[in-house]
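The exercises below treat charged side-chain pairs and the packing of two helices. Work through each task with the structure at hand before reading its solution.

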Amino acid sequence: MGAVPSTPRQTSSTAETAEYLIGTFVGEKSFPLASDFWQKLLELPLTLRWDPHRVQQACELFALNHHHTRHLAKILIHLSWCLQEAIRTSGAPSPIYLKAINAVYISSVFLKYIIENTQSDTIEELCLSLHENEPVPKDFKTDQKIENLVMHNVLTFLGSIDVSPTTSLLHQELLNFMLVAMSTQLLSGPTPGPKDVNPFLDAAMSQESLLVNLVVRRLLLNYIMRPRLPSNGAAAYSIFSEESQPGVLQRVGSAAANLVLLPFNYLVSSNSEGSRNQLADCSLHVLLILIHYHKCVASDGSITDRSDDSAISDTVSKVNTYFTVNPYSKALENARDIEFDRADVEGNAQNGPAVRLPFASLFDTLGMCLADETAVLLLYSLLQGNSDFLEYVLVRTDLDTLLMPILETLYSASRRTSNQIYMLLIILLILSQDSSFNASIHKMMLPGVPWYKEHLLHQTSLGSLMVIILIRTVQYNLSKLRDVYLHTTCLATLANMAPHVHRLSAYSSQRLVSLFYMLSRKYNKLVELRDDKLQTKTISTADGLVEDMSAELQIYTDFLRIVLEILNAILTYALPRNPEVVYAIMHRQEVFQPFRNHPRFAELLENIYNVLDFFNSRMDAQRMDGEWSVEKVLLFIINNCRSWRGDGMKMFTQLHFSYEQESHPEEFFIPYVWQLVLSRCGFSFNADAINLFHVDLHANKQIYYEEPNMNQNGESIEHRGQFDP
């Protein structure tokens with residue numbers, strides 16, 4: 001390998017020894033597991049600098065030889081042994097931690113190169129086994145899978161050893177190793193199939209539930225506690241060089257960004273990333289990959305996995321396949337508050353020990369971090385899957401901790417990815433399914449909203465702000481994204497909130513009526529276009545276009561009806577508490593007139609005109625000195641709200657929309673998680689090898705988020721209520 005000697009030689013130079021040992025590791029000669037070569041390799045200080053091209057040469061030479069040497073399998077075995085010894089000596093400073101760090105880092109560098117340069121669908125290049133005639137120690141079980149051995153020990157260390165100044169660097173590198181090992185997912189297509197090969201992920205899924213619970217708990221505690229890696233941690237390990245001289249493996253990480261992970265460069269850097277915490281972020285990345293993994297298995301017959309009702313029903317493209325249960329997802333779903341466990345109180349014991357977490361700290365941490373998409377995805381996963389955490393959130397009296405960063409992010413939608421907007425809206429929809437949530441957000445007053453620039457919002461309720469932002473999102477979607485599903489989600493949330501609206505502000509009431517006007521303009525334009533096409537149609541090829549227009553027109557008809565249902569719900573159930581809504585309807589009553597005889601809207605508009613007639617007739621009957629001012633009209637409405645009895649109002653079934661994740665959301669979430677991980681963790685990967693999602697090499701990172709079609713991403717909104725009369 002260039003200047004790296006291929007034969008042993010006597011030398012007192014540490015640098016030359018390091019050169020020789022690394023060169024030997026990637027070379028042709030195979031060393032048995034029991035050879036003292038491995039101890040010498042893992043005990044090296046490794047303070048030699050290598051140029052990027054030499055790193056490339058090392059990786060290429062290793063890939064060429066390791067099928068014969070099986071050195072990747074052997075160093076993974078030594079990593080396992082180092083971790084076993086580290087677990088036995090937990091808490092006490094020990095040279096074993098240095099050996100373990102060296103082992104995991106060397107493993108990560110070369111494992112990653114092999115994965116991203118593999119040429120076969122079965123990833124045979126990994127060679128995760130020893131030759132049959134390989135001499136092994138007596139206590140080594142030759143029939144065990146090496147990926148199972150190493151993942152068991154990695155997960156055991158992460159789950160059972162606390163993060164401390166002594167262990168934090170090893171924790172960090174093990175998390176980095178897991179990202180590397182699980183990156184085989186990037187080689188598979190966007191639709192999981194039985195031929196996908198993810199040996200390390202599958203090994204992680206095969207661990208016993210107790211260990212899985214420990215790992216999920218540790219990853220979440222890392223995220224909550226955000227432990228800092230010690231600033232003087234480098235001095236504890238000779239793998240770090242003095243001052244500006246990075247070590248061999250450090251140089252591998254920092255100089256060859258296209259080849260390897262970057263685990264050490266930030267550990268000795270004086271530059272911080274603000275509030276970002278490497279250990280916390282990496283823990284969350286690993287957790288998200290684990291909980292969203294779905295293993296597709298082929299079966300001999302038509303088998304369904306009834307444990308989570310996740311059998312695939314597509315008999316054409318996915319015959320006789322099913323998804324196995326994901327234990328990490330189950331552990332997250334069953335997590336309980338460390339301060340209170342409903343199951344304990346009710347006497348319904350859990351099946352085995354559940355993950356116990358400080359929900360209060362988790363809630364506060366999420367509130368601080370929701371500007372980041374990975375935090376949004378964790379919050380979604382908790383609210384959607386864990387009923388205890390959802391219940392905890394709903395009874396919090398400081399809902400603004402979560403809602404304000406969500407609403408601020410939606411406010412700046414033009415600078416966000418479409419998937420981030422979508423996930424935030426789904427979170428709001430999930431929360432709005434609860435009536436107590438809808439009631440409490442209108443009782444929480446905000447002294448001001450400094451980031452909202454279009455209008456001065458002073459002493460506005462959290463509920464009024466949520467209405468404003470949802471309507472603003474619809475307006476943005478109309479002009480930019482034009483995604484029907486986003487419209488539906490926003491309107492569904494507003495519909496859930498409507499019966500519980502309390503003292504809606506003047507501005508949000510005006511925006512609500514303007515929402516109907518915005519959608520009506522879009523509706524009228526579609527009607528005109530359709531009619532023009534019908535009149536000018538001369539060839540049959542226009543049939544499809546007219547059909548598409550009719551379908552879009554039907555969608556906007558439904559949208560307009562939902563807005564009318566929202567207004568009806570406020571007027572029917574909460575009119576006396578919302579004089580500003582009455583004022584806004586009276587002020588813009590002409591926008592409803594064109595639809596008064598529309599068959600889909602007539603009965604709903606009857607109620608609105610019933611309210612208008614009530615207040616208009618009393619206003620006409622009241623003598624006024626001078627003209628009606630805004631203040632006088634509002635005072636008049638407030639006074640007459642007291643005599644409102646709702647006579648003649650038709651009662652409609654309340655709309656109630658609920659979010660339900662479909663049984664196979666993996667085609668959206670698996671690529672989405674990896675897009676987030678690759679953009680945040682410094683984990684570079686050969687773009688040509690990525691099949692999981694489309695990569696535009698000339699676009700910025702946001703292109704990753706734009707690819708999935710949100711209408712086909714595995715989510716659905718279940719509508720529980722009357723859509724049509």
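Angles between axes under 35 degrees count as roughly parallel, over 145 as roughly antiparallel, 65 to 115 as roughly perpendicular and the rest as oblique. The model is predicted, so that local features need pLDDT of at least 70 and side-chain atom pairs count only at pLDDT 80 or more, while totals for chains, interfaces and linings use all residues. Residues are numbered from 1 along each chain as its sequence is written, and side-chain values use heavy atoms, with hydrogens and water left out.

**Exercise 1.** Classify the crossing of helix α24 and helix α26, and state which residues make the contact.

Step 1. The axes (lines fitted to C-alpha atoms, for helices over the stretch in contact, with angles from 0 to 180 degrees between N-to-C directions) of α24 (residues 579-587) and α26 (residues 630-641) come within 9 Å and cross at roughly 125°. Helices here are DSSP runs of H or I with at least four residues, numbered from the N terminus.

Step 2. The two helices α24 and α26 are therefore oblique to each other.

Step 3. The contact, meaning heavy atoms within 4.5 Å, is made by P579, E580, V582, Y583 and M586 of α24 together with V630, V633, L634, I637, I638 and C641 of α26.

Step 4. By class, the residues of this contact between α24 and α26 divide into ten nonpolar, no polar and one charged, where Ala, Val, Leu, Ile, Met, Phe, Trp, Tyr, Cys and Pro count as nonpolar, Asp, Glu, Lys and Arg as charged, and the others, Gly among them, as polar.

**Exercise 2.** Which salt bridges does R561 form with E565 and E603, and where do these partners lie?

Step 1. A salt bridge requires a side-chain nitrogen of Lys or Arg within 4 Å of a carboxyl oxygen of Asp or Glu, and R561 meets E565 in this way at 3.7 Å, N to O.

Step 2. Being four residues apart in helix α23 (residues 542-574), R561 and E565 are separated by about one helical turn.

Step 3. R561 also forms a salt bridge with E603, with the closest N and O atoms 3.4 Å apart. Because E603 lies in helix α25 (residues 602-621) and R561 in helix α23, this pair ties together parts that are 42 residues apart in sequence.

Step 4. With buried meaning under 20% relative accessible area, exposed over 50% and partly exposed in between (1.4 Å probe, protein chains only), R561 is buried at 3%, whereas E603 is partly exposed at 21%.
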